[in-house]
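Please look at the sequence and the model together, and take your time in finding each place as it is named. The paragraphs that follow go from one place to the next.

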Amino acid sequence: NGVPASKVRAVAVNISSIRPSEAGTYLTAYPTGQVRPYTATVSPRVGTVVPNMSVVGVGSDGTISIYNFRGDVDVTVDLMGYFREDVAARIVPLTPARILDTRDIGRVRAGKRLDLQVTGQGGVPGSGVEAVVLNLTSVNPSANGWITAWPTGDSKPHVANLSYLTGDVVPNMVMCKVGSGGKISLEASSGDLDLVADVVGCFTSDGSMLSSMSPSRLLDTREGNGAPQAKLGPGGELDLQVTGRGGVPSNATAVVLNVTGIRPDQRTYLTIYPTGEDRPLAASLNPATNAIAGNLVVAKVGSGGRVTIFNERGALDITADVTAFFI
C-alpha cells in the first residue's frame, strides 16, 4: 500500500475495534519483536465501532503487533502515512487551534464533500506544507457512519478516518496530505452531523524528526503515576512532565500521546496544550459519563518539558501513554 520495504521508522494507522464480545477489553499496538507494553491503544465498547489513530513503531520484520486483552473483536487498520529515516517533510507542532466548526455554518450531510482550507489557518504556513495533523470530532450524528479525509483534488479513498455513532460526540486524530489550494476534503458516509476540526501540527521541510518507541505509560491518576493519586476535577489542570521520562529526551519538541479519560461522572472534554501558554479553544478528547474513551494527541512541549491537561467538568481518572516523540 505504498509503504517502502525498508528505512521506515513508524506508521500512522487508524485502528478501529468492531463490536467486541465482552466489555472491559482493550487493544495494544506496538512494534513487533518488542516486549508488549502495559498500555492501551483502543478502548472498545460492546456493540459499537470505536476508532483511534496511532503512531506505531515498525518492528524489524516490517510488521506491527496488535494485542486484544479479553474476548474477541474484529479490527480494521487503515494506513494514513509512514515516517522514513530519510524523510524530507518533518512535523511543526502547533498549539491547538480551531479551524472548523460546522455548528456555525450548517451540518455536514452524507455524500456532500466539504473542502476545508488548512494552509494559512491556525498557525499552519501558507505554503510549503505537505500534510496536516487535525483532531476531528463528530457531534450529534443522525445515524451511524464514518468520515473520510483525503487531499482535495485526489480520488476519495475507501478508508474511515473517524467512525461516528448516532447522537454521540466522537473525536479522532487525522493526519492528511494537503491537496490542491491548500485544502483537504471531508465526506460523511450517512446521515448528517456537525464536525469540529482543531489543527495541532503540520509537516514541512524544516520541522522536527519523529523517533518511535515502545509505548510507555507517563500518567495514571489511579496510581499516582505522573500526578497525585486523585481524579482531575471540574475546571482542573494537570501539568504533566513528558521530557526526561519513558525514553523521551529533554530536547523533544513534541510528543505523541494516547490519552484516555476513565469514567467521568459527567460528560466532559479534555484540552491538552503546551504548559505556559494560554489555554486554547480546542478539545483533545470527549469522554461520556461513566465511559472509557481515548484519543491520540500530538502535543507540543511547553515550559519545563511539560504539557497541561485541562478538564472542563465533572471528575475523572486519566492515563497517558507516549508512543513517539519529535526532536
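**A strand between two partners**

In strand 3, the residue that serves as the bridge partner of Ala 10 is Gly 57. The model in which this pairing is found is a predicted one, and it is worth keeping that in mind while reading on.

The contact between Ala 10 and Gly 57 belongs to a wider pattern, since strand 1 and strand 3, the latter made of residues 49–57, pair in the antiparallel sense over nine bridges. Strand 1 also pairs with strand 5, which covers residues 74–84, and here too the sense is antiparallel, with ten bridges between the two. Ala 10 takes part on this side as well, where it stands opposite Phe 83 in strand 5.

How many of the eleven residues of strand 1 are buried? Ten of them are, so that strand 1, running from residue 8 to residue 18, is mostly covered by the definition of buried as under 20% relative accessible area. As general background for looking at such a strand, the side chains in a regular strand alternate between the two faces of the sheet.

**Two loop residues with positive phi**

Now turn to the loops, beginning with the one between strand 9 (131–139) and strand 10 (145–151), where Asn 140 lies. The phi of Asn 140 is near 50 degrees, which is a positive value in a residue other than glycine. Asn 140 counts as partly exposed because its relative accessibility is 39%, a value between the limits of 20% and 50%.

Arg 263 can be read in a similar way: this residue is not a glycine, yet its phi is positive, at about 50 degrees. Arg 263 is found in the loop between strand 17 (254–262) and strand 18 (270–274), and because its relative accessible area is 45%, Arg 263 is partly exposed.

**Cysteines without a bond**

A disulfide is a covalent bond between the sulfur atoms of two cysteines. How many disulfides does the model contain? With a cut-off of 2.5 Å between the sulfur atoms, the count comes to zero. Cys 176 is in no disulfide, and the nearest cysteine sulfur to its own, that of Cys 202, is 13 Å away.

Seen from the other side, the closest cysteine sulfur to that of Cys 202 is in Cys 176, and because the distance is 13 Å, it is too far for a bond. Cys 176 is buried, because its relative accessible area is 4%, and Cys 202 is buried as well, with a relative accessible area of 0%.

Terms used
Residues numbered from 1 in each chain as written. Predicted model: local features only at pLDDT ≥ 70, side-chain atom pairs only at ≥ 80, totals over all residues. Heavy atoms only, no water. Buried < 20%, exposed > 50% of the residue type's maximum accessible area, 1.4 Å probe, protein only. Helix = DSSP H or I, 4+ residues; strand = E, 2+ residues; numbered from the N terminus. Pairing = 2+ DSSP bridges.
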